[in-house]
Each structure stands twice: as C-alpha cells, then as structure tokens.
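Colleague: Could you walk me through one part of this model in detail, and then show me how it fits into the rest? I would be glad of a connected account.

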Amino acid sequence: MSKTAITAVDQLGKAIRDRDVALLQTLYADDIAVWHASTNAEQDKSQNIGLLDAVFAVTSELEYINIRRQPIEGGVVQQHSLVGRFTDGTEMPALHACLFIWVRDGQITRIEEYFDSAAFAELGARLAANAAS
C-alpha cells in the first residue's frame, strides 16, 4: 500500500470521526465520484459531502472500527464497521462496509461502497425525517 493512500484513507476516517466537513473538502479531489452499491448511484463531491453532513446532523458519534485493508492499484480496499450514536443517545446499528478507495496526489478520487442496506435502515429513516423537518 502506498503511504500516500494510507494517509488519505486515515484522514477519511478522521474526518468521519471528527465530523469535519472542511477536511472532507480538502481530502476529496474536485472530480471525485462516490458510488453506492445499495442505490447503484454515483455522487459528486458536493453531493457526497452533503450526505455526510446530513449524517453528522443526526448522529453525535461516528467511528470506523475493526479496520482491515488490502492494497489495490492506486489505492486500498478497506473493510470496517461504522459505529456511533444518534443525537438522542441511541446506539446506531453497526454498518459493516467494504470501500474501494482510489487516491491521486494525496486526494481521494473515487470510492465504491458496499454494505447491507438493511443495516442502514434506521440511519436512512432518521435522515429522511430530518430532511422533512
């Protein structure tokens, strides 16, 4: 694994844990594409950061745990569990995920994300309720 890719992926975890939208803005390349297997949809930089900002609004804690990585050409594959708490103190169901992450010049250029969409159901419902209010 290249040191540059590891640093970028570590910074992604830090941005999620610290709920740091500004770090995401610098970490993501302007032409990043984030594809979600659960929706078969791709997001650009502003769409994905908007989604993460919405997740930050309904959670009080988030963290990647049980991280495992394997090198790929131009990046890494990362398996992890996303854990946290909702703003009401309820523990969030763990979201076990696999991310393919490509890095160029220290910035993330592409993420392909795989997880069981049923595990996302409660978070998804809270995002929808927050958007409606």
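Modeller: Happy to! Let's begin with Asn40, bearing in mind that this is a predicted model. Asn40 has a relative accessible area of 59%, and because anything over 50% counts as exposed, Asn40 is exposed. Its place is the loop that runs between strand E1 (28-36) and strand E2 (41-43). The backbone deserves a look here too: Asn40 is not a glycine, yet its phi is positive, near 55 degrees.

From that loop we step into strand E2, where Gln43 is found. Is Gln43 buried or exposed? With 17% relative accessibility, Gln43 falls under the 20% limit and therefore counts as buried. The side chain of Gln43 makes a polar contact of 2.8 Å with the side chain of Asn48. If we leave out neighbours within four places in sequence, the contacts of Gln43 are Ile32, Ala33, Val34, His36, Asn48 and Leu51.

Now for the sheet that E2 belongs to. There are six strands in this open sheet, in the order E2-E1-E6-E5-E4-E3, and the pairing is mixed. E2 and E3 are the edge strands; each has a single partner strand, so one side of each has no neighbour in the sheet. From one strand to the next, the twist averages 25 degrees. Helix H3 packs on this sheet, where it touches E1, E2, E3 and E4, and its direction makes about 70 degrees with that of E1. Helix H4 packs on the sheet as well, touching E3, E4 and E5, with its direction at about 65 degrees to that of E4.

The two helices also meet each other. H3 (residues 45-58) and H4 (residues 121-132) pack with their axes 10 Å apart, at an angle of about 95 degrees. That angle lies within the range of 65 to 115 degrees, so H3 and H4 are roughly perpendicular to each other. On the H3 side the residues involved are Leu51, Ala54, Val55, Ala57 and Val58, and they meet Leu123, Arg126, Leu127 and Asn130 of H4. Sorted by class, this contact holds seven nonpolar residues, one polar and one charged. Leu51 also appeared earlier, as one of the contacts of Gln43.

Back in the sheet, let's follow the strands starting from the E3 edge. E3 (residues 59-72) pairs with E4 in the antiparallel sense over 11 bridges, and Pro71 stands opposite Val76 of E4. Two residues separate the strands in the hairpin of E3 and E4, where Gly74 has a positive phi near 85 degrees. E4 itself (residues 75-86) has nine of its 12 residues buried, so this strand is largely enclosed by the rest of the structure.

On to E5, which pairs with E4 in the antiparallel sense over 10 bridges. Two of the facing positions are easy to find: Arg85 has Glu91 in E5 as its bridge partner, and Gly84 stands opposite Met92 in E5. The hairpin of E4 and E5 has four residues between the strands, and in its turn Gly89 has a positive phi of about 95 degrees.

E5 goes on to pair with E6, again in the antiparallel sense, over eight bridges. Ile101 has Ile111 in E6 as its bridge partner, and Ala97 has Phe115. These strands form a hairpin with two residues between them, and Asp105 in the turn has a positive phi of about 50 degrees. Gly106 belongs to that same loop, between E5 (91-104) and E6 (107-115). Its relative accessible area of 30% is neither under 20% nor over 50%, so Gly106 is partly exposed.

Gly106 also takes us back to the start of the chain. Although Gly106 and Val9 are 97 residues apart in sequence, their C-alpha atoms are 9.5 Å apart in space. Setting aside residues up to four places away in sequence, Gly106 touches Thr4, Ala8 and Leu27.

One last stop in that early part of the chain is Arg19, in the loop between helix H1 (3-18) and helix H2 (21-27). Like Asn40, Arg19 is a residue other than glycine with a positive phi; for Arg19 the value is about 60 degrees. Where Asn40 is exposed, Arg19 counts as partly exposed because its relative accessibility is 24%.

How values were computed. Residues are numbered from 1 along each chain as its sequence is written. This is a predicted model: local features need pLDDT of at least 70, side-chain atom pairs count only at pLDDT 80 or more; totals for chains, interfaces and linings use all residues. Side-chain values use heavy atoms; hydrogens and water are left out. Buried means under 20% relative accessible area, exposed over 50%, partly exposed in between (1.4 Å probe, protein chains only). A polar contact is a pair of N or O atoms within 3.5 Å; within protein, one must be able to donate a hydrogen and the other to accept it, and residues adjacent in sequence count only if both atoms are side-chain atoms. Contact means heavy atoms within 4.5 Å. Two strands pair if DSSP finds at least two bridges between them. Axes are lines fitted to C-alpha atoms, for helices over the stretch in contact, and angles run from 0 to 180 degrees between N-to-C directions. Angles under 35 degrees count as roughly parallel, over 145 as roughly antiparallel, 65 to 115 as roughly perpendicular and the rest as oblique. Ala, Val, Leu, Ile, Met, Phe, Trp, Tyr, Cys and Pro count as nonpolar, Asp, Glu, Lys and Arg as charged, and the others, Gly among them, as polar.
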